[in-house]
Amino acid sequence: MKISYLGPRGTFTKMAVDVLFPGEEAYSYATIPQCMDAVVNGEIDYCVVPVENTIEGTVPITMDYLIHQAKLPIVGEVVIPIRQHLLTKGTVELSDVKDVYSHSHAIAQCHHFLHTELPHAVTHAASSTGTAAKMVAAMEDGFAAAIGNELAAKEFGLTILQKDIHDYANNHTRFFVLSSDAGSNPVKRDAGAKMKTSLYVTLPSDYAGALHQVLAAFAWRKINMSKIESRPMKTGLGNYFFIMDVSCEAEDILFQGVRQELEALGCSLTVLGSYPIHQYEKKAGACS
Ligand SMILES: O=C(O)C(=O)C[C@]1(C(=O)O)C=C[C@@H](O)C=C1
């Protein structure tokens, strides 16, 4: 089985791959769209992509590229704990750190730390936390730092100057597994694992109560909605569609009823995938 991930080795996405697919062939790509393209082109069987973080919310590039370009079905999900550390080349004082490199989502998870402890440092966005660690390891002076995990520190020979610099202790990231085959089931289903369906709904036009009608179709059938988010349709200001996660399968008779009701209202409903939920809380030690 071939898996693509946002590389290089030492990213959180690589940790998610190791948790879900231990021992499988993992291939590093420079961007999240490239990971998806590799599956679309048939070079790779599955990709693992970050989709949502406790502190910073949705990873927009993942949802936008998935919905507008790649259109790959979601076949699995994993949630892993995220610990952000400040990594340097050798030991320096915090006050000596002049530049901080990381993925924009990782920087955002540490805003308060950067604001209070490193107000003098300039932050720079890198394509991943692993890339940031690799860049810092290759720099001449020791006054640059990367935000990343313990795996990246080991991979690139960096020192952990300060542990756990993320602003809220309960930090997790959710990853999707994508495939070109909606029927594939690469992730072993835990006993009793619950199923979730991700979908998006486009409203026919902007009228009073339109979203309320959509929500009501799920509510009176007692289908629990665990997430709803609006994203721009990219067709004009104020044009949005709604991405939702619900606690049932798309084949469920009640879900079919929602689809029919929404279509009768002139909405369009697109299923992004029905998949089992995996929470790797107990293996937190593996995700530092
Ligand atoms: O840069 C990485 O290590 C990634 O795997 C990307 C990513 C993200 O895009 O959210 C994944 C998990 C963390 O929340 C921070 C960064």
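With 9 C-beta neighbours inside 10 Å, Lys222 counts as exposed. That is a handy place to start looking at this model, which is a predicted one. Lys222 sits in the loop between helix 8 (210–219) and strand 13 (225–232). Its backbone does something to look out for: phi is positive, about 60 degrees, although Lys222 is not a glycine.

**Backbone spots to look at**

Lys222 has some company. Asp164 isn't a glycine either, and its phi is positive at about 50 degrees. You'll find Asp164 in the loop between strand 10 (159–162) and strand 11. Is Asp164 exposed or partly exposed? It counts as partly exposed, because 14 C-beta neighbours lie inside 10 Å. Lys71, just after helix 3, also takes a positive phi, of about 50 degrees. And Gly42, which follows helix 2, has a positive phi near 85 degrees.

Here are those residues side by side:

| Residue | Phi | Where to look |
|---|---|---|
| Gly42 | near 85 degrees | follows helix 2 |
| Lys71 | about 50 degrees | just after helix 3 |
| Asp164 | about 50 degrees | loop between strand 10 and strand 11 |
| Lys222 | about 60 degrees | loop between helix 8 and strand 13 |

Another backbone feature turns up at Gly7 and Pro8, which are joined by a cis peptide bond with omega at about 5 degrees. Pro8 belongs to the loop between strand 1 and helix 1 (12–20).

**How the chain is divided**

The domain assignment splits the chain into domain 1 (2–81 + 171–189 + 279–286), domain 2 (85–162) and domain 3 (195–275). Notice that domain 1 is written as several stretches of sequence. How far apart are the C-alpha centres of domain 1 and domain 2? They lie 24 Å apart. Where these domains touch, 16 residues come from domain 1 and 16 residues from domain 2. On the domain 1 side, helix 1 gives the most, with three residues. By class, that side has seven nonpolar, six polar and three charged residues.

UniProt offers its own labels, from an unreviewed entry. The annotation "domain: Prephenate dehydratase" covers residues 2–180. That span is 32% helix and 33% strand, and its end C-alpha atoms lie 13 Å apart. The annotation "domain: ACT", also from an unreviewed entry, covers residues 199–276. Here the chain is 28% helix and 36% strand, with end C-alpha atoms 15 Å apart.

There's also a nice example of residues that are separated in sequence but meet up in space. Arg83 and His166 are 83 residues apart along the chain, yet their C-alpha atoms are 6.8 Å apart. Arg83 is in the loop between strand 5 (74–81) and strand 6 (85–88). With 17 C-beta neighbours inside 10 Å, Arg83 counts as partly exposed.

**Around the ligand**

Which residues come nearest to the ligand? Of the 15 residues around it, those are Thr11, Thr13, His105, Ser128 and Thr129. The elements giving two or more residues to this shell are helix 1, strand 3, helix 4 (104–108) and helix 6 (129–138). Domain 1 and domain 2 each supply at least three residues to the shell. Sorted by class, the shell has six nonpolar, nine polar and no charged residues.

**Helices and their buried sides**

Now for some packing. Helix 2 (residues 32–40) has Ile32, Cys35, Met36, Ala38 and Val39 as its buried residues. Seen down the axis of helix 2, they fall within an arc of 150 degrees, so they line one face of the helix. A bit of background helps: an α-helix has 3.6 residues a turn, so residues three or four places apart point the same way. The buried residues of helix 2 pack against strand 1 (2–6), strand 2 (25–29), strand 3 (46–53), helix 3 (60–70) and strand 11 (172–179).

Helix 3 has buried residues too: Thr62, Met63, Tyr65, Leu66 and Ala70. They pack against helix 2, strand 3, strand 4 (57–58), strand 13 and strand 14 (240–246).

Finally, back to helix 8, the one before the loop of Lys222. Its buried residues are Val214, Ala217 and Phe218. They cover an arc of only 100 degrees around the axis, which puts them on the same side of helix 8. What does the face turned away from the buried side carry? That face of helix 8 has the exposed residues His212 and Ala219. As for the buried residues of helix 8, their packing partners are strand 12 (195–202), strand 13, strand 14 and helix 9 (253–264).

Methods. Residues numbered from 1 in each chain as written. Predicted model: local features only at pLDDT ≥ 70, side-chain atom pairs only at ≥ 80, totals over all residues. UniProt positions renumbered as here; feature names shortened; annotations may be inferred. Helix = DSSP H or I, 4+ residues; strand = E, 2+ residues; numbered from the N terminus. Buried ≥ 20, exposed ≤ 12 C-beta atoms within 10 Å, placed from the backbone. Arc of directions from axis to C-beta. Contact = placed C-beta atoms within 7 Å. Near = placed C-beta within 6 Å. Nonpolar A, V, L, I, M, F, W, Y, C, P; charged D, E, K, R; others polar. Domains from an automatic or database assignment.
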